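Open the model in a viewer and set it to cartoon representation. The stops below go from a strand pair to the sheet, then to the helices, the pockets and the overall dimensions.

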Amino acid sequence: MSSTPAALTAFTTEVFTTLGLPDEDAAVSARALVHADTRGISSHGVANLSRVYLPLLRSGRARQEAKPERLVDRGPALLVDGDRALGLWLAAAAVDLAALRAADYGVGVVSVRNGTHFGAAGFHALRAAEQGMVGVVLANCGHQALAPGPSGGRKLLGTNPIGIACPAGEHPPFLLDMSTTTAPTGKVRQAARAGAAVPTGWLTDGAGPVHDPAALDSGAGWLTWLGAPGPAEYKGFGLGLAVEVLAALVPGAGLGPTADDAADDNIGFLALALAPETLRPGFAADADRLFGAILDAGETYPGIPESRLHAEAHARGVPLADDVRAELDAIADDLGITPLDRR
(Lines give C-alpha, C1' and ligand atoms only; values in the text may rest on other atoms or scores of the structure.)
Protein backbone atom coordinates (compact mmCIF):
# COMPACT_ATOMS: atom_id res chain seq x y z
CA MET A 1 0.00 0.00 0.00
CA SER A 2 1.06 3.60 -0.46
CA SER A 3 0.21 7.11 0.65
CA THR A 4 0.78 10.53 -0.84
CA PRO A 5 3.60 12.47 0.83
CA ALA A 6 1.14 15.25 1.66
CA ALA A 7 -1.28 12.90 3.44
CA LEU A 8 1.56 11.17 5.28
CA THR A 9 2.97 14.52 6.41
CA ALA A 10 -0.44 15.76 7.56
CA PHE A 11 -1.07 12.56 9.49
CA THR A 12 2.36 12.60 11.15
CA THR A 13 2.03 16.28 12.02
CA GLU A 14 -1.27 15.60 13.77
CA VAL A 15 0.29 12.72 15.68
CA PHE A 16 2.93 15.06 17.06
CA THR A 17 0.53 17.91 17.86
CA THR A 18 -1.81 15.48 19.61
CA LEU A 19 1.13 14.34 21.69
CA GLY A 20 1.72 17.95 22.74
CA LEU A 21 4.32 19.34 20.36
CA PRO A 22 3.81 22.97 19.27
CA ASP A 23 2.51 23.27 15.71
CA GLU A 24 5.74 24.30 13.99
CA ASP A 25 7.85 21.77 15.87
CA ALA A 26 5.35 19.07 14.92
CA ALA A 27 5.38 20.10 11.26
CA VAL A 28 9.19 20.04 11.02
CA SER A 29 9.34 16.70 12.82
CA ALA A 30 6.81 15.22 10.42
CA ARG A 31 8.73 16.49 7.39
CA ALA A 32 11.90 14.89 8.76
CA LEU A 33 10.28 11.46 8.88
CA VAL A 34 8.54 11.74 5.51
CA HIS A 35 11.83 12.95 3.99
CA ALA A 36 13.27 9.54 4.83
CA ASP A 37 10.31 7.60 3.45
CA THR A 38 10.27 9.48 0.16
CA ARG A 39 13.98 8.85 -0.36
CA GLY A 40 14.04 5.13 0.24
CA ILE A 41 15.25 5.31 3.85
CA SER A 42 12.17 3.76 5.44
CA SER A 43 14.30 2.60 8.38
CA HIS A 44 14.29 6.27 9.47
CA GLY A 45 10.75 7.18 8.42
CA VAL A 46 7.27 7.01 9.90
CA ALA A 47 7.86 3.43 11.01
CA ASN A 48 9.69 4.99 13.94
CA LEU A 49 6.63 6.84 15.22
CA SER A 50 5.51 3.94 17.40
CA ARG A 51 8.97 2.48 17.89
CA VAL A 52 11.02 5.56 18.79
CA TYR A 53 9.22 8.88 19.01
CA LEU A 54 5.99 8.03 20.84
CA PRO A 55 7.96 6.22 23.56
CA LEU A 56 10.36 9.16 23.82
CA LEU A 57 7.56 11.69 24.24
CA ARG A 58 5.32 9.59 26.47
CA SER A 59 8.14 8.61 28.80
CA GLY A 60 9.33 12.19 29.23
CA ARG A 61 12.74 11.41 27.76
CA ALA A 62 11.83 13.97 25.09
CA ARG A 63 10.02 17.07 26.32
CA GLN A 64 7.07 18.52 24.37
CA GLU A 65 7.51 22.01 25.81
CA ALA A 66 11.31 22.03 25.71
CA LYS A 67 12.96 25.44 25.67
CA PRO A 68 16.45 25.17 24.19
CA GLU A 69 18.85 27.69 25.68
CA ARG A 70 21.83 29.43 24.08
CA LEU A 71 24.59 28.93 26.61
CA VAL A 72 27.31 30.57 24.50
CA ASP A 73 26.75 32.95 21.60
CA ARG A 74 29.92 34.25 19.99
CA GLY A 75 29.29 35.43 16.46
CA PRO A 76 29.49 32.41 14.16
CA ALA A 77 29.70 29.87 16.99
CA LEU A 78 27.01 28.88 19.48
CA LEU A 79 26.54 26.30 22.21
CA VAL A 80 22.93 25.26 22.85
CA ASP A 81 21.37 23.16 25.59
CA GLY A 82 18.50 21.34 23.87
CA ASP A 83 16.47 20.81 27.06
CA ARG A 84 15.61 17.30 25.82
CA ALA A 85 13.67 18.60 22.84
CA LEU A 86 12.64 16.10 20.18
CA GLY A 87 15.74 15.84 18.02
CA LEU A 88 13.77 15.88 14.77
CA TRP A 89 13.01 19.59 15.12
CA LEU A 90 15.88 20.55 17.43
CA ALA A 91 18.51 19.57 14.86
CA ALA A 92 16.58 21.38 12.13
CA ALA A 93 16.48 24.52 14.28
CA ALA A 94 20.23 24.22 14.87
CA VAL A 95 20.81 24.06 11.11
CA ASP A 96 18.63 27.14 10.54
CA LEU A 97 20.55 29.05 13.20
CA ALA A 98 23.88 27.98 11.69
CA ALA A 99 22.68 29.14 8.26
CA LEU A 100 21.66 32.53 9.66
CA ARG A 101 25.13 33.03 11.12
CA ALA A 102 26.77 31.78 7.94
CA ALA A 103 24.91 34.47 6.00
CA ASP A 104 26.65 37.05 8.22
CA TYR A 105 30.05 35.46 8.81
CA GLY A 106 30.51 32.98 5.96
CA VAL A 107 30.26 30.11 8.41
CA GLY A 108 27.96 29.20 11.28
CA VAL A 109 28.50 26.41 13.81
CA VAL A 110 25.91 25.33 16.37
CA SER A 111 26.94 22.76 18.95
CA VAL A 112 24.07 21.10 20.84
CA ARG A 113 23.85 18.95 23.94
CA ASN A 114 20.84 17.39 25.69
CA GLY A 115 19.21 16.40 22.43
CA THR A 116 17.30 13.24 21.50
CA HIS A 117 17.08 11.02 18.40
CA PHE A 118 17.12 13.26 15.31
CA GLY A 119 16.18 10.86 12.50
CA ALA A 120 17.96 10.93 9.15
CA ALA A 121 21.06 13.14 9.16
CA GLY A 122 20.48 13.92 5.50
CA PHE A 123 17.24 15.77 6.20
CA HIS A 124 19.08 18.29 8.33
CA ALA A 125 22.09 18.67 6.03
CA LEU A 126 19.79 19.15 3.03
CA ARG A 127 18.01 21.92 4.95
CA ALA A 128 21.24 23.92 4.77
CA ALA A 129 21.73 23.18 1.07
CA GLU A 130 18.20 24.39 0.35
CA GLN A 131 19.31 27.74 1.80
CA GLY A 132 22.32 27.89 -0.53
CA MET A 133 24.77 26.55 2.05
CA VAL A 134 27.07 23.61 2.32
CA GLY A 135 25.69 21.77 5.35
CA VAL A 136 27.41 19.32 7.69
CA VAL A 137 25.41 17.63 10.44
CA LEU A 138 26.86 15.12 12.89
CA ALA A 139 25.32 13.33 15.86
CA ASN A 140 26.45 10.85 18.43
CA CYS A 141 24.16 8.40 20.19
CA GLY A 142 24.44 9.75 23.71
CA HIS A 143 25.35 7.04 26.18
CA GLN A 144 24.20 4.30 23.80
CA ALA A 145 27.12 2.10 22.72
CA LEU A 146 26.52 -0.39 19.91
CA ALA A 147 29.95 -1.30 18.53
CA PRO A 148 33.31 -2.05 20.14
CA GLY A 149 36.66 -0.88 18.85
CA PRO A 150 38.45 -2.87 16.14
CA SER A 151 40.16 -5.09 18.73
CA GLY A 152 36.83 -6.16 20.24
CA GLY A 153 36.01 -5.95 23.91
CA ARG A 154 33.18 -3.87 25.28
CA LYS A 155 30.98 -1.67 23.13
CA LEU A 156 32.16 1.93 22.94
CA LEU A 157 30.27 4.02 20.38
CA GLY A 158 26.96 4.27 18.57
CA THR A 159 26.36 4.53 14.84
CA ASN A 160 27.42 8.21 14.90
CA PRO A 161 25.87 9.38 11.62
CA ILE A 162 27.20 11.96 9.19
CA GLY A 163 25.13 14.16 6.88
CA ILE A 164 26.77 16.41 4.27
CA ALA A 165 24.86 18.35 1.62
CA CYS A 166 25.90 20.78 -1.09
CA PRO A 167 23.91 22.71 -3.70
CA ALA A 168 24.83 21.44 -7.15
CA GLY A 169 23.50 24.19 -9.41
CA GLU A 170 21.36 22.67 -12.13
CA HIS A 171 21.84 19.18 -10.75
CA PRO A 172 20.31 17.52 -7.68
CA PRO A 173 22.13 18.45 -4.47
CA PHE A 174 25.01 16.32 -3.29
CA LEU A 175 23.65 14.54 -0.20
CA LEU A 176 25.71 12.09 1.82
CA ASP A 177 23.77 10.45 4.66
CA MET A 178 25.61 7.60 6.35
CA SER A 179 26.35 5.89 9.62
CA THR A 180 29.98 5.22 10.50
CA THR A 181 29.04 1.61 11.17
CA THR A 182 28.47 -0.65 8.19
CA ALA A 183 24.71 -0.42 8.73
CA PRO A 184 22.55 1.72 11.02
CA THR A 185 20.49 0.15 13.76
CA GLY A 186 17.27 1.09 11.94
CA LYS A 187 18.07 -1.16 8.98
CA VAL A 188 19.03 -4.07 11.24
CA ARG A 189 15.80 -3.78 13.23
CA GLN A 190 13.82 -3.39 10.02
CA ALA A 191 15.23 -6.74 8.88
CA ALA A 192 14.30 -8.28 12.23
CA ARG A 193 10.68 -7.16 11.86
CA ALA A 194 10.57 -8.59 8.34
CA GLY A 195 12.04 -11.90 9.47
CA ALA A 196 14.96 -11.46 7.08
CA ALA A 197 18.64 -12.17 7.52
CA VAL A 198 21.09 -9.28 7.35
CA PRO A 199 23.90 -9.28 4.78
CA THR A 200 27.30 -10.59 5.70
CA GLY A 201 29.35 -7.86 7.31
CA TRP A 202 26.61 -5.93 9.11
CA LEU A 203 26.89 -7.81 12.41
CA THR A 204 29.55 -9.89 14.11
CA ASP A 205 29.95 -11.84 17.33
CA GLY A 206 33.71 -11.41 17.32
CA ALA A 207 34.29 -14.86 15.86
CA GLY A 208 32.60 -14.30 12.52
CA PRO A 209 29.59 -12.81 10.71
CA VAL A 210 26.13 -12.90 12.30
CA HIS A 211 23.09 -12.95 10.02
CA ASP A 212 20.28 -12.96 12.58
CA PRO A 213 19.27 -9.29 13.09
CA ALA A 214 17.77 -10.11 16.50
CA ALA A 215 21.33 -10.61 17.74
CA LEU A 216 21.81 -6.85 17.90
CA ASP A 217 19.25 -6.34 20.66
CA SER A 218 19.86 -9.66 22.37
CA GLY A 219 23.54 -8.88 22.76
CA ALA A 220 24.62 -11.93 20.76
CA GLY A 221 26.05 -9.69 18.03
CA TRP A 222 27.11 -6.13 17.48
CA LEU A 223 27.50 -3.65 14.66
CA THR A 224 30.68 -3.56 12.59
CA TRP A 225 32.54 -0.44 11.49
CA LEU A 226 32.88 0.69 7.89
CA GLY A 227 35.74 -1.23 6.33
CA ALA A 228 35.21 -4.39 8.40
CA PRO A 229 36.48 -7.01 8.42
CA GLY A 230 40.16 -6.30 8.24
CA PRO A 231 42.50 -3.40 8.98
CA ALA A 232 40.29 -0.90 7.10
CA GLU A 233 37.81 -1.21 9.98
CA TYR A 234 40.07 1.15 11.89
CA LYS A 235 39.07 3.89 9.45
CA GLY A 236 35.37 3.42 10.20
CA PHE A 237 36.05 3.41 13.93
CA GLY A 238 38.16 6.55 13.48
CA LEU A 239 35.29 8.30 11.71
CA GLY A 240 32.91 7.24 14.49
CA LEU A 241 35.26 8.56 17.14
CA ALA A 242 35.74 11.81 15.21
CA VAL A 243 31.96 12.30 15.25
CA GLU A 244 31.97 11.59 19.00
CA VAL A 245 34.56 14.34 19.46
CA LEU A 246 32.80 16.93 17.31
CA ALA A 247 29.18 16.19 18.18
CA ALA A 248 29.45 15.14 21.84
CA LEU A 249 32.78 15.99 23.44
CA VAL A 250 32.67 19.59 22.22
CA PRO A 251 29.17 20.46 23.55
CA GLY A 252 29.37 18.23 26.62
CA ALA A 253 26.83 15.59 25.57
CA GLY A 254 26.67 11.97 26.73
CA LEU A 255 29.68 9.91 25.65
CA GLY A 256 29.28 6.31 24.45
CA PRO A 257 32.31 4.91 26.30
CA THR A 258 30.94 6.32 29.58
CA ALA A 259 27.61 4.49 29.37
CA ASP A 260 26.75 4.94 33.03
CA ASP A 261 23.08 5.57 32.28
CA ALA A 262 21.82 4.18 28.98
CA ALA A 263 18.39 5.78 29.50
CA ASP A 264 19.97 9.24 29.75
CA ASP A 265 19.88 10.18 26.07
CA ASN A 266 21.83 13.47 26.12
CA ILE A 267 22.60 13.15 22.42
CA GLY A 268 24.97 15.72 20.94
CA PHE A 269 24.74 17.41 17.53
CA LEU A 270 26.99 19.57 15.43
CA ALA A 271 25.33 21.71 12.75
CA LEU A 272 27.69 23.55 10.43
CA ALA A 273 26.66 25.80 7.56
CA LEU A 274 29.17 27.24 5.12
CA ALA A 275 28.12 30.05 2.77
CA PRO A 276 30.56 29.53 -0.10
CA GLU A 277 29.41 32.45 -2.25
CA THR A 278 30.29 34.85 0.59
CA LEU A 279 33.85 33.53 0.50
CA ARG A 280 34.32 33.59 -3.26
CA PRO A 281 32.07 34.23 -6.27
CA GLY A 282 31.70 31.42 -8.76
CA PHE A 283 31.03 28.54 -6.37
CA ALA A 284 27.69 27.68 -8.00
CA ALA A 285 29.21 27.56 -11.47
CA ASP A 286 32.04 25.36 -10.24
CA ALA A 287 29.55 23.07 -8.49
CA ASP A 288 27.78 22.64 -11.82
CA ARG A 289 31.10 21.75 -13.43
CA LEU A 290 32.08 19.27 -10.71
CA PHE A 291 28.83 17.36 -10.50
CA GLY A 292 28.21 17.64 -14.24
CA ALA A 293 31.61 16.08 -14.93
CA ILE A 294 30.76 13.14 -12.68
CA LEU A 295 27.47 12.60 -14.50
CA ASP A 296 29.15 13.02 -17.91
CA ALA A 297 31.52 10.22 -16.93
CA GLY A 298 28.54 7.92 -16.52
CA GLU A 299 28.75 7.92 -12.75
CA THR A 300 26.31 9.04 -10.10
CA TYR A 301 26.86 10.71 -6.75
CA PRO A 302 25.17 10.65 -3.33
CA GLY A 303 21.86 12.45 -3.66
CA ILE A 304 20.99 11.41 -7.21
CA PRO A 305 19.27 8.09 -6.35
CA GLU A 306 17.47 9.72 -3.44
CA SER A 307 16.25 12.57 -5.65
CA ARG A 308 14.83 10.08 -8.14
CA LEU A 309 13.03 8.17 -5.41
CA HIS A 310 11.70 11.44 -4.01
CA ALA A 311 10.24 12.39 -7.41
CA GLU A 312 8.75 8.92 -7.81
CA ALA A 313 7.16 9.07 -4.35
CA HIS A 314 5.47 12.36 -5.26
CA ALA A 315 4.25 10.89 -8.54
CA ARG A 316 3.13 7.46 -7.33
CA GLY A 317 2.94 7.65 -3.54
CA VAL A 318 5.08 6.50 -0.64
CA PRO A 319 5.11 2.70 -0.29
CA LEU A 320 4.31 1.52 3.24
CA ALA A 321 4.87 -2.01 4.49
CA ASP A 322 1.81 -3.78 5.87
CA ASP A 323 3.17 -3.80 9.42
CA VAL A 324 3.89 -0.07 9.26
CA ARG A 325 0.41 0.66 7.95
CA ALA A 326 -1.08 -1.39 10.80
CA GLU A 327 1.00 0.52 13.34
CA LEU A 328 -0.14 3.87 11.91
CA ASP A 329 -3.76 2.73 12.12
CA ALA A 330 -3.19 1.73 15.75
CA ILE A 331 -1.69 5.14 16.51
CA ALA A 332 -4.69 6.89 14.94
CA ASP A 333 -7.07 4.77 17.04
CA ASP A 334 -5.03 5.37 20.19
CA LEU A 335 -4.88 9.15 19.71
CA GLY A 336 -8.37 9.57 18.27
CA ILE A 337 -7.21 11.20 15.05
CA THR A 338 -8.23 10.66 11.41
CA PRO A 339 -6.60 7.50 10.00
CA LEU A 340 -4.15 7.82 7.13
CA ASP A 341 -6.42 6.09 4.58
CA ARG A 342 -9.13 8.73 5.10
CA ARG A 343 -6.89 11.67 4.24
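Start by selecting residues 134-139 and 162-168 in this predicted model. These are strands β5 and β8, which pair in the antiparallel sense over 4 bridges. For one bridge in detail, pick V137 and look for its partner in β8, G163.

Next, extend the selection to the whole sheet. Its 7 strands follow the order β2-β3-β4-β13-β5-β8-β9, and the sheet is open, with mixed pairing. At the edges are β2 (69-74) and β9, each of which pairs on one side only. Looking along the sheet, neighbouring strands are turned against each other by 10 degrees on average, direction ignored.

Now add the helices that touch this sheet. Select residues 233-249 for helix α8, which packs on the sheet and touches β4 (107-115), β5, β8, β9 and β13. The direction of α8 makes about 95 degrees with that of β5. Then select residues 283-296: this is helix α10, lying across β5, β8 and β9 and running at about 105 degrees to β8.

Switch to a surface for the pockets. The largest pocket has a volume of about 1,100 Å³. Which residues come closest to its centre? Select H44, H117, T159, T185 and G186, the closest of the 47 that line this pocket. To see where the lining comes from, colour α3 (48-59), β9 (171-178), α6 (185-194) and β13 (267-274); each gives at least two residues to the lining of the largest pocket. By residue class, this lining divides into 20 nonpolar, 18 polar and 9 charged.

Move on to the second largest pocket, which holds about 330 Å³ of space. Its lining has 21 residues, and those closest to the centre are T204, G206, T224, P229 and E233. Elements supplying two or more residues to this lining are β6 (147-149), β7 (152-157), β10 (203-204) and β12 (222-223). The lining of the second largest pocket consists of 10 nonpolar residues, 10 polar residues and 1 charged residue.

Finally, zoom out to the full chain. The secondary structure of the protein comes to 12 helices and 14 strands. Along the principal axes, the C-alpha trace spans about 55 × 55 × 50 Å. How does the radius of gyration stand against that of a compact globule? For 343 residues such a globule would be near 20 Å, and the protein has 20 Å, so the two agree.

Methods: Residues are numbered from 1 along each chain as its sequence is written. This is a predicted model: local features need pLDDT of at least 70, side-chain atom pairs count only at pLDDT 80 or more; totals for chains, interfaces and linings use all residues. Side-chain values use heavy atoms; hydrogens and water are left out. On a 1 Å grid over the protein atoms alone, a cavity is a set of points where a 1.4 Å probe fits but cannot get out, and a pocket is an open set with protein on both sides within 12 Å along at least five of seven lines; lining residues have an atom within 4 Å of a point. Grid points are joined across faces, edges and corners, and a volume is the space filled by probe spheres set on the points. Ala, Val, Leu, Ile, Met, Phe, Trp, Tyr, Cys and Pro count as nonpolar, Asp, Glu, Lys and Arg as charged, and the others, Gly among them, as polar. Two strands pair if DSSP finds at least two bridges between them. Axes are lines fitted to C-alpha atoms, for helices over the stretch in contact, and angles run from 0 to 180 degrees between N-to-C directions. Contact means heavy atoms within 4.5 Å. The radius of gyration is taken over C-alpha atoms; the globule rule is 2.2 Å times the number of residues to the power 0.38.
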